[in-house]
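User: I would like to go through this model by way of its side-chain contacts and its sheet. Please reason each answer through and finish on the name or value I ask for.

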Amino acid sequence: MKHYYTNNEDLISEPEQFIFTYRGKELIFTSDHGVFSKKMIDFGSRVLLDAIELDEGKSTLLDVGCGYGTFGVALKSAYPALEIDMIDVNERALLLAKQNLAANNLEANVYLSSVYENVTNKYDVIVTNPPIRAGKETVTKILVEAKEHLNLHGEIWVVIQKKQGAPSAKKNLESVFGNANVVKKDKGYYILKAINK
C-alpha cells in the first residue's frame with residue numbers, strides 16, 4: 001500500500017472538486033486519489049489557517065509537504081504580496097497544487113523535494129502539516145532543519161495533534177530555536193510557532 005507521502009504513479013485518477021472559503025474568498029480545489037485529505041481541507045490545516053497571522057515584514061514563505069496546495073493557495077490569496085514556494089515528495093500532489101494555484105489565478109513556485117533536500121533559499125515563514133505517517137524521523141527532520149532555511153526572525157508554523165506528538169514536537173522546536181509557543185489548541189490539534197531569533 002502506497003501512502004500520500006510517497007510517489008505512486010500507478011494510482012487511478014478520479015479528480016474531485018470542492019470549494020473552501022478562506023477569509024472571505026472562495027477558493028476552488030481539485031483533489032484526487034493518493035493525496036492527503038482528498039475530500040476536503042482537513043481540520044488541522046483549517047485550525048492553522050485560522051490561527052496564522054503574518055506581519056507586513058514577512059515576504060517569503062515555504063510550504064513543506066504542500067499536498068494539493070492547501071496552505072500555499074490559501075495564504076497567497078490572503079497575502080497576495082507573499083512569494084511562496086511549495087514542496088512535496090508526491091508528484092501527483094505537486095501537479096494538483098499547480099492546478100489549484102492556476103484555478104484561483106494565483107502564482108507560486110511548486111517543486112519536488114523530500115523534506116529540504118532541494119531547498120536552497122531562506123524564508124521569512126515556513127508552514128507545515130507534517131506527514132505523521134511518514135514516521136517520527138521525517139517529522140523531526142522537518143522541524144529541526146527548518147532553522148537552516150529561515151531568515152533571522154523567521155517563523156515556523158506547525159499543526160500537529162497532541163496524540164501524534166505535539167508535546168515532543170514542541171520540545172524539538174525549543175531545542176533548536178530556544179522558543180516554541182502553542183498559539184492555539186482545538187480538538188486535540190496544536191498550532192506551534194517558533195521564531196528564529
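User: Which residue does the side chain of Asp32 meet in a salt bridge?

Analyst: The model is a predicted one, and what follows should be read with that in mind. A salt bridge requires a side-chain nitrogen of Lys or Arg within 4 Å of a carboxyl oxygen of Asp or Glu, and the N to O distance for Asp32 is 3.9 Å. The partner that supplies the nitrogen for Asp32 is Arg92.

User: How many residues apart in sequence are the parts that the pair of Asp32 and Arg92 ties together?

Analyst: The salt bridge joins the side chains of Asp32 and Arg92. Asp32 belongs to the loop between β2 and α1, whereas Arg92 belongs to helix α3, residues 91–103, so the pair ties together parts whose separation in sequence is 60 residues.

User: Are Asp32 and Arg92 buried or exposed?

Analyst: The dividing values are a relative accessible area under 20% for buried and over 50% for exposed. On that scale Asp32 and Arg92 both fall in one class, which is buried.

User: Which residue has a side chain with a polar atom 2.9 Å from the backbone nitrogen of Arg92?

Analyst: The residue in question is found in the loop between β4 and α3, and its side chain also reaches the backbone nitrogen of Ala93, at 3.0 Å. With 3% relative accessibility it counts as buried. The residue whose side chain lies 2.9 Å from the backbone nitrogen of Arg92 is Asn90.

User: What is the distance between the closest N and O atoms in the salt bridge of Lys193 with Glu155?

Analyst: Lys193 lies in strand β9, residues 189–195, and Glu155 in strand β7, residues 150–161, so this pair ties together parts that are 38 residues apart in sequence. Lys193 and Glu155 are both buried. Their closest N and O atoms are separated by 3.7 Å.

User: Is Glu53, which forms a salt bridge with Arg23, buried or exposed?

Analyst: Glu53 sits in the loop between α1 (43–51) and β3 (60–64), and its partner Arg23 in the loop between β1 (16–22) and β2 (25–31), 30 residues away. The closest N and O atoms of this salt bridge are 3.9 Å apart. Arg23, at a relative accessible area of 38%, is partly exposed, while Glu53, at 52% relative accessibility, counts as exposed.

User: Which strands are the edge strands of the open sheet of seven strands?

Analyst: The sheet has mixed pairing, and its strand order reads β5-β4-β3-β6-β7-β9-β8. From one strand to the next the twist averages 15°. An edge strand pairs on one side only, which here holds for β5 (109–112) and β8 (181–186).

User: Which residue of β6 stands opposite Leu62?

Analyst: Strand β6, residues 123–128, pairs with β3 in the parallel sense over four bridges. The residue of β6 that stands opposite Leu62 is Ile126.

User: At about what angle does helix α2 run to β4?

Analyst: Eight of the nine residues of α2 are buried, so this helix is largely enclosed by the rest of the structure; among the buried residues are Phe71, Val73 and Leu75. Helix α2 (residues 70–78) lies across β3, β4 (83–88), β6 and β7. Its angle to β4 is about 170°.

User: Which residue forms an edge-to-face aromatic pair with Phe18?

Analyst: The ring centres of this pair are 6.0 Å apart and the planes meet at 75°. Phe18 lies in strand β1 and its partner in the loop between β3 and α2, so the pair ties together parts 50 residues apart in sequence. Phe18 is buried with a relative accessible area of 13%, and the partner, buried with a relative accessible area of 3%, is Tyr68.

User: How far apart in space are Val119 and His149, C-alpha to C-alpha?

Analyst: Val119 lies in the loop between β5 and β6 and is buried, with a relative accessible area of 7%. His149 is one of the residues that Val119 touches, and others include Leu62, Ile87 and Tyr111. Although Val119 and His149 are 30 residues apart in sequence, their C-alpha to C-alpha distance is 7.9 Å.

Notes:
Residues numbered from 1 in each chain as written. Predicted model: local features only at pLDDT ≥ 70, side-chain atom pairs only at ≥ 80, totals over all residues. Heavy atoms only, no water. Helix = DSSP H or I, 4+ residues; strand = E, 2+ residues; numbered from the N terminus. Buried < 20%, exposed > 50% of the residue type's maximum accessible area, 1.4 Å probe, protein only. Pairing = 2+ DSSP bridges. Axes fitted to C-alpha atoms, helices over the stretch in contact; angles between N-to-C directions. Contact = heavy atoms within 4.5 Å. Polar contact = N/O pair within 3.5 Å; in protein donor to acceptor, adjacent residues only side chain to side chain. Phe/Tyr/Trp six-rings, centres within 6.5 Å; stacked < 30°, edge-to-face > 60°. Lists of a residue's contacts leave out its neighbours within four places in sequence.
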